[in-house]
Amino acid sequence: MWTCPTCKRIFRNTNQDHSCLLVDLETHFVNKQQNVIDTFEKIKNAILLFDGVRINSVKGAILFRAKSTFLAVKPKSSFLDIEFILDEKIEEFPIHKTVQASKLKWAHFMRIGSPDEVDEQLLEWIGKAYEVCCV
């Protein structure tokens with residue numbers, strides 16, 4: 001593990017490429033609809049039950065990580081863009097895009113706009129992403 005001397009974030013690889021532009025978590029929610037805040041809180045509360053999870057709030061996203069980042073959340077005015085990594089490609093709704101991130105991993109992209117969309121299926125995918133990236 002390597003700690004960036006500038007931002008003090010911890011990474012698996014020495015001199016790993018990253019942004020040192022840390023911001024307060026609250027800045028991501030300025031001028032956002034209440035449903036965005038409530039949806040994020042529901043996701044955050046579920047994920048913080050996982051072992052060793054830390055939140056890194058950088059300029060462009062809120063990153064959830066343990067040994068590695070397994071979930072990125074980007075608050076927009078009326079919804080959340082979320083991205084998670086799995087070791088399989090899933091192309092079912094509500095995933096709207098899947099990109100091969102490496103030989104054995106795929107990035108999955110979703111947009112969710114209400115706490116009701118934080119369902120059992122989404123939490124299962126996020127749990128698998130945690131296992132793939134951090135266990």
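Tutor: Contact means heavy atoms within 4.5 Å. This is a predicted model: local features need pLDDT of at least 70, side-chain atom pairs count only at pLDDT 80 or more, and totals for chains, interfaces and linings use all residues. Residues are numbered from 1 along each chain as its sequence is written, and side-chain values use heavy atoms, without hydrogens and water.

Student: Which residues does V53 touch, leaving out those up to four places away in sequence?

Tutor: Start with its place: V53 sits in the loop between α1 and β3 (54-58). Helices (H or I, at least four residues) and strands (E, at least two) are DSSP runs, numbered from the N terminus. Beyond four places in sequence, V53 touches I47, L48, F64, R65, F70 and Y130.

Student: Is V53 buried or exposed?

Tutor: Buried means under 20% relative accessible area, exposed over 50%, and partly exposed in between (1.4 Å probe, protein chains only). V53 has a relative accessible area of 14%, so V53 is buried.

Student: Which element gives the largest share of the largest nonpolar core?

Tutor: Such a core is a set of buried Ala, Val, Leu, Ile, Met, Phe, Trp, Tyr and Cys residues joined through side-chain atoms within 4.5 Å. The largest one here holds 31 residues, and F64, F70, L71 and F84 make the most contacts inside it. Elements giving two or more residues to this core include α1 (34-47), β5 (69-75) and α2 (120-134). The largest share, 7 residues, comes from α2.

Student: Which strands stand at the edges of the sheet?

Tutor: Two strands pair if DSSP finds at least two bridges between them. The 6 strands form an open sheet with antiparallel pairing, in the order β3-β4-β5-β6-β8-β7. An edge strand has a single partner, so one side of it lacks a neighbour in the sheet; that holds for β3 and β7 (95-100).

Student: By how many degrees are neighbouring strands of this sheet turned against each other on average?

Tutor: Axes are lines fitted to C-alpha atoms, for helices over the stretch in contact, and angles run from 0 to 180 degrees between N-to-C directions. For this average, direction is ignored. Neighbouring strands are turned by 20°.

Student: What is the bridge partner of L80 in β8?

Tutor: β6 and β8 run antiparallel, joined by 7 bridges. Across that pairing, L80 is bridged to I112.

Student: What angle does α1 make with β5?

Tutor: α1 packs on the sheet, touching β3, β4, β5, β6 and β8. Its direction and that of β5 make an angle of about 165°.

Student: Within what arc do the buried residues of α1 fall?

Tutor: The buried residues of α1 are V36, T39, F40, I43, K44 and I47. The arc is that of the directions from the helix axis to the C-beta atoms. The buried residues line one face of the helix, because seen down the axis of α1 they fall within 130°.

Student: Which peptide bond is cis?

Tutor: Most peptide bonds are trans. P94, in the loop between β6 and β7, is at the exception. With omega near 15°, the cis bond runs from F93 to P94.

Student: What is the phi of N31?

Tutor: N31 lies in the loop between β2 (10-11) and α1. At 73% relative accessibility, N31 counts as exposed. Most residues other than glycine have a negative phi. The phi of N31 is positive, near 60°.
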